[in-house]
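Biologist: I have a chain and a ligand to look at. Can you take me through the calls made on them?

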Amino acid sequence: MTVKKSLIALAALSMMTSYAVSAPITTEGTGVGKHGDVVAAVTFDAGKIQAIDIKKSNENAILAAKVFTDMKAAMIEHNSADVDTITGATVSSDALKAAVKEAAKKAGVTLNGPVVLLKRMPNIPEKNVYDVVVVGAGGAGFSAAITASDAGRSVVLLEKMPNVGGNSLVSGAEMAAAGNWVQKKLGITGDSVELHYQDTMKGGDYKGDPKVVRTMVENALPAALWCRDVVGVEFQDDNLFFFGGHSVKRSLIPKGATGLDFIQKFVSAAEKRHIPIITNMKAERLLKDDTGRVIGVEAKMDGKAYQFMAKKGVILATGGFAANVAMRTDANPFYGSSFKTTNMPGATGDGIQMAKAIEADVVNMGLIQTYPMCDPNSGAIELIDDARFEGAILVNQEGKRFVEELQRRDVMSKAILEQTGHYCYALFNDAIEKKSHAITHHPDEVEVFTKTGILYKGDTLEEIADYFKIPVDNLKATVKRVNEFARTGKDTDFNYRSRFVDLSEGPYWAYRGVPSVHHTMGGIKINSKAEVLDAKGQPIPGLYAAGEVTGCTHGTNRLGSNAYADIIVFGRIAGEEASK
Ligand code: ADP
């Protein structure tokens, strides 16, 4: 059962309606969404909206789903474009509002003004009892809930946002797994669980917990196989990613190269198992019995309190705190309000606070990671940055390289922040596009970034330099040098670890990027069984945690694609352990 919230209108503030037309008329309007234009064809009759048909939208199918269901229905019901925005999908909501307003203007229809919408309580009892209560419906929460259900337990999944998915919805969702089937197919040898362990420990400057890291790398391949064979996630079978800090190409890529596919498959798997997913339900407090055992959570929906009691265990899978500026500043003042974040708005550290309130230990809280190439306007990760992994070079405003393009995220971010304007450009040509499909895979980004002026395509280097005001001679000299490195296979400037691609031939693309807060490495202290530990290192009975809410895996710097390994591995372990 999925509990859906429905909306009722209490009052229409403005009831003005003009009847400019007497027969049905359909007009189109456009609004700019997060992933390009949203075009709606709106049919009016006697001055009232009869139907809204979405002609074009590349908005995130899960994140923005309620914009095109609940919000659209509210617009029709109240003959207004000024209905409640869907939390977490503001840009998509505004796009639909703008499109409907424009269509109304064209049709000569005056819509009602803003309507005050109240949320009707769904029929959830105040006190609920399950074997396992999972808090947070991201990758870790879904993995935990599905595993507990398959262990024969009754499970509920609580999510505070109107939509499920968490940061998976804004992630490439690549997953590191040593010895995987795609490596075998591509003839990549020399990888091992031990090498993955060494890479992870070294990449995090040995601040990860050795036992927890070992558990992650040992279980990464079984977790990937579980995603493929049990959850039904489809992975690309002809390519792997080579993220900074990994010694070999070992990162599986989901089809479509985004986490949306993962989440859609997780939702179907959870629904197949009849796991209730209660959205808009925010867990606020852990409940303990006299013996100190965690026995449930108190949660709120629209200000009303609910209890979800857990006969077996509570699993915190609430993600990190990248979207909580105050908590970020407190943990590490450098990452305060001057940074935007790549994260979803739900990443506010609630699980860490709830666990701390019952004396759980936290570790590595000051270790915060920025993703080097993000949209300077929104802070979101630039998915076209896929090009960088196939040979795109980074240049500063002066047209010069300044860092190895496949370096660790912390090293690259620091280097970018030291450049003029604290940004840089990635430059690539058609030969790289043919390998990375950065442009063809992300047409929505291409549309938005072209409009906002941070992406430009030119046939020549002169055109690129002219558009971004980069000194053309510098840019040409940089490219000439990279072409030489491509020929010799050795980068004598920054020691590029892969082989460069010759950049003699256009067309070229360049995009501007800035570092943005991406991952909070610190969090709740757990052991290899995903048990939450107190300051004495003792497990708190009944409480488990998995995913970014925990702080033991990545040390100073999370390697790309280790998050997905972490959240699935420990989601499954938490689900198993809580079911025992
Ligand atoms: P992970 O990658 O570890 O799975 P995500 O950040 O992707 O973490 O997902 C965490 C999910 O938990 C998000 O969907 C977020 O909205 C949700 N969440 C955060 N705090 C709460 C809370 N207090 N109650 C319910 N859900 C929460």
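Modeller: We will go through the ligand site, then the cores. Bear in mind that this is a predicted model.

Biologist: Which residues are closest to the ligand?

Modeller: Glu159, Asn167, Ala283, Asp350 and Glu548. They belong to a set of 24 residues that surround the ligand.

Biologist: What makes the Glu159 pair a polar contact?

Modeller: A polar side-chain atom of Glu159 lies 2.6 Å from a ligand oxygen atom. The cut-off is a pair of N or O atoms within 3.5 Å, so this pair counts.

Biologist: And what puts Ala283 and Gly166 on that list?

Modeller: Here the backbone supplies the atom. A backbone N or O atom of Ala283 lies 2.9 Å from a nitrogen atom of the ligand. For Gly166, a backbone N or O atom lies 3.5 Å from a ligand oxygen atom. The limit is within 3.5 Å, so both pairs count.

Biologist: How much of the ligand does the protein bury?

Modeller: 97% of the 580 Å² that the ligand exposes when taken alone. Elements α3 (139-150) and β12 (282-288) each give two or more residues to the shell.

Biologist: How does the shell divide by residue type?

Modeller: Into nine nonpolar, ten polar and five charged residues.

Biologist: Why is Ile568 said to touch Phe262?

Modeller: Contact means heavy atoms within 4.5 Å, and Phe262 is among the residues Ile568 touches, so the word applies. Trp226 and Met175 are also among them. Both Ile568 and Phe262 are among the residues with the most contacts inside the largest nonpolar core, which has 99 residues. Helix α6 (residues 210-231) gives the most to this core, ten residues.

Notes: Residues numbered from 1 in each chain as written. Predicted model: local features only at pLDDT ≥ 70, side-chain atom pairs only at ≥ 80, totals over all residues. Heavy atoms only, no water. Near = heavy atom within 4 Å. Polar contact = N/O pair within 3.5 Å; in protein donor to acceptor, adjacent residues only side chain to side chain. Areas by Shrake-Rupley, 256 points an atom, 1.4 Å probe, with all protein chains shown as cover. Helix = DSSP H or I, 4+ residues; strand = E, 2+ residues; numbered from the N terminus. Nonpolar A, V, L, I, M, F, W, Y, C, P; charged D, E, K, R; others polar. Core = buried A, V, L, I, M, F, W, Y, C linked by side-chain atoms within 4.5 Å. Buried < 20%, exposed > 50% of the residue type's maximum accessible area, 1.4 Å probe, protein only. Lists of a residue's contacts leave out its neighbours within four places in sequence.
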